[in-house]
Amino acid sequence: MFQEDVSIVICGEAGQGIQTVESILIQAVKFGGYHVCSSKEYMSRVRGGENSTEIRVSSKRICAYVNRIDILIAISKGAIDHLKERISNKTIIIGDEETLKHVENENIIKIPFLKIARDIGGPIYANVIAAGAISKILNIDKEIFDECLTSMFARKGKKILNGDLKAGDEGYKVGENILKSDKIKVQIVKDTKIKDELLLDGTEVVGMGCIAGGCRFLACYPMTPSSALQVFIAKYSEEFNIIFEQSEDEISAINMGIGAFYAGARALIATSGSGFALMEEGVGLARINETPIVIYLGQRPGPAVGLPTRTSQEDLDLALYGHGETPKIIFAPGKLEDAFYLSQKAFNIADKYQIPVFILSDQYFADIYYNIPSINLENVKIENHIIKTDENYKRYELTADGISSRGIPGFGDGVVVVDPHEHDEKGHITEDQNLRTKMVEKRLKKLEGIKKDSIPPELIGFSDYNILIIGWGSTYGVIKEALDNLNREDVAFLYFKQVYPLHDSTKKYLDKADKTIIFENNAESQFANLIKLQTDFKIDKNILKYNGRPFSVEEITKSLKNFMEVG
Amino acid sequence: MKPEVFDIEDADIAWCPGCGNFSILSNLKIVLAELEIDPLELVLVSGIGQAGKFPHFLKSHTYNSLHGRALSPATAIKAVNKNLKVIVTTGDGDMYGEGGNHFMHTIRRNPNITCIVHDNMVYGLTKGQASPTTLQGMKTSYQTEGVSEEPFNPLAVAIALDASFVARTFSGDPEHMKKTFKSAINHKGYSLVDVFQPCVTFNKINTYQWFKENTYHLEDSHDPFNKNEAFKRATEKDKYPLGIFYKNNDKKTFEETLKVYTDNELPLYKRQVDMPKLVDLIESRRRL
Ligand SMILES: Cc1ncc(C[n+]2csc(CCOP(=O)(O)OP(=O)(O)O)c2C)c(N)n1
């Protein structure tokens, strides 16, 4: 019996329609009055293989992946083998009797999904029958499930919609029979208020944040896991006055973006590891010609092609370092609300300091869905940092804070000259050594203001801690849930959403702890190294995972328990 | 308007005495003045190289970009503010070598910009290596046995890609050059002008004299709308024709394909975020 939380995993081959089941079920769960969180893992192929999606249904707010599978919907023959490390003797497996004919396991419930589907009109209905069965098991009203189906399939025409509604009916019957057999029982408390919450994923929240930040231009080249953001912006480009262009390569993409920002259109760049590597020279251009640019870097395991559809936090160093010495800012949102506000802020702050601002994400965070109460737009403002130039305008005027006011061509009476060489205040090429020194110092000077504006890490848990857990970006959800599960008064979690430059309070938080532990999805502990570099604080223990998969709540919990006992 | 409006007082010109770039500079200023183009509405975009320094010597908005990359920012600048006149001026190595991919795809994209390539058939700034347009046999410090590859033919490639305006001129022929620049700048769509330009320091083969002897003007009867004929003329190598080889006036410009201008002519910097619409979008995620 599941009283608080149930983890349902759907697994099948690419092309078998898992995404459809996910889309229907997460909505049905939310409208049914439960908290929901889904995350997925998939292969870099269009057909075949094994992909899976985890949908957690809970009475508590959740935003994390668990290793545990309570109910597995095995759509393909290979599903059980694919997930064998996560299946326990408590996992209930539901699958089609033909597909799983040769699979023996005492916890399998075999259902003639395909046969029922054929009676309705074809095997394509099998997934909806399975979704219906789950919906019934979760005690979700049939009307809600039908509404979800209708919103999903109405545009495909009456015939298909009717077939799907019929499949839903059959699914509910299957679910009822399963419930009668007493093999599964779900009694999770519902809260009807959840119905009205927002259901969003990590990609679209970034996209909405970018729109709120005044994004007007995106040139990009497809690459997982950043393509989803590109698709989002493409979809809404017309509505929100954004120029969207698929460029011939990443080099062109970033050079277009910087050109657009120069001419007054806030521009976004969206890419991933190798694609970003091609952009590095462009980032250098933005840094010396002091043109703002916002870069969404969807991390995946590398180097080079690596694991295209998997997750990692390996590109912090890549974003941080580069040719020459000028400041940057790196955000790494770990929860949906932060992803919105940081993406929005990225444009203002890039514009204010005329520097590249990074939004680091990864496959896990880009694909995670969960419900949140709201996104507050009240304090969201577009700060204007463009000035009208006068005749004597100097693009790189030396100033006390290092910021020279930024004019754009076509607005004012001055010419706006930007340059990738070292330059004088007017933007023309120079090799004067004294001027070079001044210009380097001018650009670095901006770091003082940037530090003042930086976002402090967020302390979660008890403020009177001895043990401090450190995490950044997408590990937020799993660490938070593990911390909640531990329920100890001496432990807290310091979550970093801005990883560079670090806020001044960082050292104070770290020094207060007797013992510190960090979790990172990489092999070199890049963030711990950065903390050492910035604060001279050495974290006691580094738990690193670099197999392309996200941390699970269980893994974190186990590591923490171990750390507290053994150190 | 006087060409002097485009002068920069204390410009520290980095070209060798006798360089073909000087004539391109002075004649472009004359053309811009004749066309009454306000320096405040003009953006010069360049890459890196001796030719890439060009915008530093002509008063206008300037976007000196990276080696090979001029066309990408030029496209974007024009796209976000159609009111600006955008001219790319850069070298043959920059445009056809490092920037080759952008050269091809910008032609396909067809932004309303002019691209002037100072084609001296050599890498000037880095001191005399072969460029994509260096003729076969020329010896350099890198190509010690002489260049073995077939030179890149920018005009033939541009015509094959149906570029909307393709021309070649010669820096030693100011009248022809001015006429060509004028047509190119007035043309709606992407216009390419490859300018033969002697490099007096590193190219001892393709000298003023050589260009004079090895070029001639396309006849007045040449029909620039005939693509096959244009292609044929672009592949001539015994002597190199100068003039407008090809034009296609029927192509939509990149800016004309952009939805942001469907019912709004404002440059993008003047537009506000539609917050109520964004609220609607966010709120829609509460519903099915
Ligand atoms: C990425 C990169 N690679 C190489 C260089 C060095 N570089 C500068 S200009 C140039 C070639 C310039 O030749 P061309 O475009 O023909 O211009 P010219 O100097 O002849 O006018 C090279 C290789 C550079 N600046 N950037």
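Reader: How much space lies in the largest cavity, and why is it called a cavity?

Author: About 50 Å³ of space lies in the largest cavity of this predicted model. It is called a cavity because a 1.4 Å probe fits at its points, on a 1 Å grid over the protein atoms alone, but cannot get out. The volume is the space filled by probe spheres set on these points, which are joined across faces, edges and corners.

Local features need pLDDT of at least 70, side-chain atom pairs count only at pLDDT 80 or more, and totals for chains, interfaces and linings use all residues; side-chain values use heavy atoms, without hydrogens and water. Residues are numbered from 1 along each chain as its sequence is written, with chains lettered from A and ligands numbered from 1 in written order.

Reader: What makes Lys78(B) a lining residue of the largest cavity?

Author: Lys78(B) is among the residues that line the largest cavity, including Leu84(B) and Ile185(B); lining residues have an atom within 4 Å of a cavity point, and Lys78(B) therefore meets that criterion.

Reader: Why is the contact between Gln50(B) and the ligand called polar?

Author: A polar backbone atom of Gln50(B) is 2.8 Å from an oxygen atom of the ligand. A polar contact is a pair of N or O atoms within 3.5 Å, so this pair qualifies. Ala51(B) also has a backbone N or O atom 2.9 Å from a ligand oxygen, and the corresponding distance for Leu125(B) is 2.9 Å. The protein buries 78% of the 590 Å² that the ligand exposes alone (Shrake-Rupley method, 1.4 Å probe).

Key
1 Å grid on protein atoms, 1.4 Å probe; cavity = no way out; pocket = protein on both sides within 12 Å on 5 of 7 lines; lining within 4 Å. Polar contact = N/O pair within 3.5 Å; in protein donor to acceptor, adjacent residues only side chain to side chain.
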